[in-house]
Amino acid sequence: MSSGKRQNSPHNRARRHFLGVAGAITATVVASSAADAMGHKTWRKGGNKGSGSGSGSGSSGQNCFLRGTSIMTPTGEAVIEELKVGDLVVTMRGHAVPIKWVGHQRYKNGGKSWHESVVPIKVSRHALDDRTPHKDLYLSPNHALYIDGVLIRVKDLVNGATIAPATPSRGEVLDYYHIVLDTHEVIQAEGLAAETLLVRESNYEHFTNFADYKRLYANEAPVAMTPFAPIVGYEGGREHLKALLRIWASPFVKVSDPIEKAYQRIAARADQLVS
């Protein structure tokens, strides 16, 4: 895929919106800092939160691994549909952590086309480097990967070559699974760093088997997990950019776009692989 084609992609239209939001936020922060320096009080109007992150807060359902995905455990890889409550998985922190719950969703399309929020995104073998992932990985579009210290939804990395939608045939059944731990973590799926479910109050109810979670944890208070790392995305960009500004930048530092940086690196590798 040529760079010219990528310039007109939905990815880049979203990026232009993202950068516009970044500029607005930077200007607001700079103005607020200047006012604070002069001893003036600043007022910020509240607003609606963004439409969601790669961790299940969006309107398009949960973010999951497709059936057959291999997850790293202390004894080696295991396919996700065979994992159960109490089994151990290895996290990015290097710890073996017991599974709290495995959510399951099943989709079957009887119409003319699949909804884009359900169509799996295929991350081809070696899309990121010579070892990662070590096998094709299939994720729902909003599932986040851990790249360069942030969480990026896989749909924001689609380049049409090594990362692309894998549209199922009509009548095909899709089984998605997700892992819940006590905290939001990053695990290895086909050797690629990907998030576990970021539980926010009752978002687990999007899964078909949510009643099992309620039965297991009936006496547990509502959960609001802290993200493993900053979550960035072109949708809900204002909320995500504010998080990055607080962590990385002074008000006078140019806002960088970690999604575009990762996208360009992966797309450049895709060009090399197909040339």
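Guide: A residue is called buried under 20% relative accessible area, exposed over 50%, and partly exposed in between, with a 1.4 Å probe and protein chains only. At 24% relative accessibility, Glu81 therefore counts as partly exposed. This is a predicted model, in which local features need pLDDT of at least 70 and side-chain atom pairs count only at pLDDT 80 or more, while totals for chains, interfaces and linings use all residues. Residues are numbered from 1 along each chain as its sequence is written, and side-chain values use heavy atoms, with hydrogens and water left out.

Visitor: How many salt bridges does a search of the whole structure find?

Guide: Side chains of opposite charge can pair when their charged atoms come close. A salt bridge is defined as a side-chain nitrogen of Lys or Arg within 4 Å of a carboxyl oxygen of Asp or Glu. The search of the whole structure yields 13 salt bridges. In one of them, the side chains of Arg67 and Glu81 meet at 4.0 Å, N to O. Arg67 belongs to the loop between strand S1 (65–66) and strand S2 (70–73), and Glu81 to the loop between strand S3 (76–79) and strand S4 (88–90), so the two are 14 residues apart. Helices (H or I, at least four residues) and strands (E, at least two) are DSSP runs, numbered from the N terminus. Arg67 is partly exposed, with a relative accessible area of 47%.

Visitor: Which parts of the chain does the pair of Arg269 and Asp130 tie together?

Guide: Arg269 forms a salt bridge with Asp130, their closest N and O atoms being 3.0 Å apart. Because Arg269 lies in helix H5 (residues 258–274) and Asp130 in the loop between strand S7 (121–123) and S8, the pair ties together parts that are 139 residues apart in sequence. Arg269 counts as buried at 16% relative accessibility, whereas Asp130 is exposed at 60%.

Visitor: With which residue does Arg265 form a salt bridge?

Guide: Its partner is Asp148, and the closest N and O atoms of Arg265 and Asp148 are 3.1 Å apart. Arg265 is in helix H5 and Asp148 in the loop between S9 and strand S10 (150–153), 117 residues apart. Arg265 is partly exposed, with a relative accessible area of 39%; Asp148 is partly exposed as well, at 42%.

Visitor: Which residues are linked in a network of salt bridges?

Guide: Lys100, Asp182 and Glu220 are linked in such a network.

Visitor: Is Ser140 buried or exposed?

Guide: Ser140 is buried, with a relative accessible area of 3%. Ser140 lies in the loop between strand S8 (137–139) and strand S9 (144–147), and its side chain reaches the backbone nitrogen of Cys64 at 2.6 Å.

How values were computed:
Polar contact = N/O pair within 3.5 Å; in protein donor to acceptor, adjacent residues only side chain to side chain.
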